[in-house]
Amino acid sequence: MSANGSIRWPGGAGCAVVVTVDIDGDLPFLGIDPAHRDRLKSRSVGQYGPDHGADRLLRVFERQEIPVTWFVPGAIAQSYPGLMDRLVASGGDIASHGMHHLDFDGLGVPDQIDEMLRGRDALAAATGRSIVGFRTPAGEWGPGFVARMASEGFTWSSSIPADDRPFWLGRDGVLEIPFRYELEDLQYLGFNLDPPFPPGQSRIASHVTVRDNWRIEFEAANRWGTMFLLRLNAEIIGTPGRTRLLEQFLEGMRESGSWFVSCTEMRAHWDRVPPEPAHPYALFEALRTDHAAWDAAGRQRVL
């Protein structure tokens, strides 16, 4: 960490660039209501990702020689073995995104853990790799989830929009590599279906607006020496025009001399960064732990 609070990135880079892609297919739509299985037109919006978008993005990243972290639900890995083979052959970083992309807000902690572990096992079987990274499909994880992640061999997560630099999730050895909503594609380019998914107004933003917003955020990341993490969706950004938009944007970032890094590489790098015990997340976890202990003691006294 430098004197002004910015991070010293390898090679003197102004910022670290992390490019991530979720390949969700139609699982989020089916997760809302299994009866949506018969809505083939609506499901096709998500299926475009593993059917077409992911391969188009893969070609762009290979031309740019950019490391990418792919988040894949286990059910997608099982349904698209050819795509998984191509991701493995590309040398890309591959991480778990649950099994069926279920919303954690509707699950108890045991079911959250089951979703995580089943997704990891399916992905490991499809890739022949040990899976050490995880991104929650949607919603919040419950108490004890991070400790279970660590005990199961996960070393990093990219699930919380809590910062613009990595931070440790307590003392369990799991590093959070946070995303920001303004650096996703879905918020700008996702178009509502019937029924609406995601909720909200219909929207397809101008490509120029998306490019300009991302460029402003990238320039600020260089100014402050932070991390710039793109969270993309294969079914959203993987169309021909949007892929060209992304390719041009990546070209501009490469000319800046930024450090392009995968999530797993970032985790290895962060082992050499001095710890930050006063990070807000660490303080929040300490407060939650103290409150839980106090609450349990209070109930005990009442009983």
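Trainee: Is Arg-118 buried, partly exposed or exposed?

Mentor: In this predicted model, the relative accessible area of Arg-118 is 41%. Buried means under 20% and exposed means over 50%. The value of 41% falls between these cut-offs, so Arg-118 is partly exposed.

Trainee: Which residue meets the side chain of Arg-118 in a salt bridge?

Mentor: The partner lies with Arg-118 in helix α5 (residues 109–127), four residues apart, about one turn of the helix. At 37% relative accessibility, this partner too counts as partly exposed. The N to O distance in the salt bridge is 3.9 Å, and the partner is Asp-114.

Trainee: Asp-271 and Arg-267 also meet in a salt bridge. Which of the two counts as buried?

Mentor: Their side chains meet at 2.8 Å, N to O. Asp-271 has 51% relative accessibility, which is over 50%, so Asp-271 counts as exposed. The other residue has 13%, which is under 20%, so the buried one is Arg-267.

Trainee: How far apart are the closest N and O atoms of Arg-211 and Asp-212?

Mentor: Arg-211 is partly exposed at 36% relative accessible area, and Asp-212 is partly exposed at 23%. The two form a salt bridge, and their closest N and O atoms are apart by 3.2 Å.

Trainee: Which residues have the most contacts inside the largest nonpolar core?

Mentor: The largest nonpolar core has 58 residues. One of those with the most contacts is Trp-70, which touches residues including Val-21, Leu-57 and Ile-94. The full list is Ile-23, Phe-61, Trp-70 and Val-72.

Conventions: Residues are numbered from 1 along each chain as its sequence is written. This is a predicted model: local features need pLDDT of at least 70, side-chain atom pairs count only at pLDDT 80 or more; totals for chains, interfaces and linings use all residues. Side-chain values use heavy atoms; hydrogens and water are left out. A nonpolar core is a set of buried Ala, Val, Leu, Ile, Met, Phe, Trp, Tyr and Cys residues joined through side-chain atoms within 4.5 Å. Buried means under 20% relative accessible area, exposed over 50%, partly exposed in between (1.4 Å probe, protein chains only). Contact means heavy atoms within 4.5 Å. A salt bridge is a side-chain nitrogen of Lys or Arg within 4 Å of a carboxyl oxygen of Asp or Glu. Helices (H or I, at least four residues) and strands (E, at least two) are DSSP runs, numbered from the N terminus. Lists of a residue's contacts leave out its neighbours within four places in sequence.
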